[in-house]
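Biologist: Before we begin, could you take me through the reasoning behind the terms you use for this structure?
Modeller: Gladly; let us look at it together and set each value against its definition.

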Amino acid sequence: MNETPDTPLPPPPDATPPPAKRFERSSSDRVIGGVCGGLGRYFRIVATLVRIGMVALALLGGTGLIVYAAALVLVPADGEVPAGPTESRDRALAIGIAISLTIAGVVFGGFGLGAGGALFPIAGLCVAGLAVWWLVSGERPAGGAGTIARRAALGVALIVGCFALAVGSFFASGLGGGVVIASLVIAAGATLVVSAFAGGARWLVLPALAIALPLAFVTAAGIDLDGGFGEKRVRPGSVAEIRESYRLGMGELVVDLRDVKLPAGDRRVKLGVGTGHALVLVDEGVCVASTATVGVGGVFVFEREGGGVDVDWSDERRAPKSTPRLIVEGDIGLGVLEVRHDGEVDHGPGRRSDREHVAESNDACATRTASRGSGASAG
Amino acid sequence: MRPPASPDRLSLIAGLVLVVLGTVLLLCSRGTLQMSIGAMAPIAFAAVGAILLASGLTRGAR
């Protein structure tokens, strides 16, 4: 009987081929969503270089933000469970939304991709939404595309909601509701303290801050929105028509005194603007002395200017006996006080550089007795 | 015997910060206290910073 030698069998060939190279978001090497980590792994380069490139693209027209936002929604994370029917639907929905936003951005924005165009704010808002959600919930953007899209949407809703609250608080505070807003902040704080012993109410923190911070700004800058909104132009024809004070809540207040023949001596005019631009136009034969407090903004009196935060402006001038002197007292919360001779009243404060060639000065005054102003540059 | 549950630190700290900030704002709104932006800005930033700090320190501890 022949015995066959007991030779070991060759190992069976590997039935499963090596997995195909896939681009997936990295769950181990990530700062936000693991997109750059995944790209680095896919192309076998250091992820930091990819991150630098992505930041550069984000700064150059916002393309990096768009790419990142799209990758967050469309690219699966590594180790993610294969998409089931629901996730497939979510992904299809996310792709549909992304394509719709892209088309809408190109069509309505009228810009190309290179310039970022309308896509930039949309992508920026999506990324900001994700970041906010991440900060608030502590959950990193992981999971299926549908989950990420939902989180981004919740984050965007949070941003929009807080922005609406902040705007409401700004106007309510400026219109005299500061005490009510402050009381609401205290009530929210007290509720948070009490709720801390019963599980907490963290959701209350953001809305409370959203109303508290605008109130803090309005109060500190001294913004008073009483007096109406929009554009207000007054052009008295005689000295008797000049009022002692003019006030506007928000917008542009123009007091044009060039038609008035001011007699020698002092004439005082007070201007109050909560937010905006106050402009006084005077004849060249009038000497102008000015004092102003500006929360945030600037003062431009002929060739002199000053600006910044908590501006305390004073430009005291004396006039010869036969020359009229106009004393302008400005109270601006957020904005600009301007005094000049030329009549192009449609200039906003931000467009002052358009007319910098116009040499204006306070020549009617005899001497300057004292002056001060934050950041003021004497002419 | 189970130890009493510890309070949610973020809610506690944020609540206290908001009460203090709200009180300052109330005094300013009523005219009792005069504060410029230079004085108010550090207070507001400190409040936000304290809440962020508490949030970072308590993250995941809930």
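Biologist: What makes the pair Asp8(B) and Arg202(A) a salt bridge?
Modeller: This is a predicted model, and in it the closest N and O atoms of Asp8(B) and Arg202(A) are 2.8 Å apart. The cut-off for a side-chain nitrogen of Arg and a carboxyl oxygen of Asp is 4 Å, so the pair counts as a salt bridge.

Biologist: How many salt bridges does the rule find across the interface of chain B and chain A?
Modeller: The rule finds one there, while the contact takes 36 residues from chain A and 29 residues from chain B. Together the two chains bury about 2,600 Å², and 75% of that area lies on carbon and sulfur atoms.

Biologist: Why is Leu49(A) called exposed?
Modeller: Its relative accessible area is 55%, and exposed means over 50%, so Leu49(A) meets the definition. Leu49(A) sits in helix α2 of chain A, residues 47-59, and with Val46(A) and Ile52(A) it forms a nonpolar patch on the surface, which has about 310 Å² of accessible area in total.

Biologist: Which residues touch the most other members of the largest nonpolar core?
Modeller: Among its 34 residues, they are Leu192(A), Leu25(B), Met40(B) and Ile51(B). Two or more residues come from each of α6 and α7 of chain A and α1 and α2 of chain B, with α7(A) giving the largest share, 10 residues.

Biologist: What does Ile51(B) touch, leaving out residues up to four places away in sequence?
Modeller: Ile51(B) touches Val205(A) and Leu209(A), and also Leu10(B), Ala14(B) and Val17(B).

Note on methods:
Residues are numbered from 1 along each chain as its sequence is written. Chains are lettered from A and ligands numbered from 1 in the order in which they are written. This is a predicted model: local features need pLDDT of at least 70, side-chain atom pairs count only at pLDDT 80 or more; totals for chains, interfaces and linings use all residues. Side-chain values use heavy atoms; hydrogens and water are left out. Patches are made of residues with over 30% relative accessible area and no salt bridge: like charges are joined within 9 Å, nonpolar side chains (Val, Leu, Ile, Met, Phe, Trp, Tyr) within 5 Å. Accessible areas come from the Shrake-Rupley method with a 1.4 Å probe; for residues, only the protein chains shown count as cover. Helices (H or I, at least four residues) and strands (E, at least two) are DSSP runs, numbered from the N terminus. Buried means under 20% relative accessible area, exposed over 50%, partly exposed in between (1.4 Å probe, protein chains only). A nonpolar core is a set of buried Ala, Val, Leu, Ile, Met, Phe, Trp, Tyr and Cys residues joined through side-chain atoms within 4.5 Å. Contact means heavy atoms within 4.5 Å. Buried area is the accessible area (1.4 Å probe) that two parts lose on being put together, summed over both.
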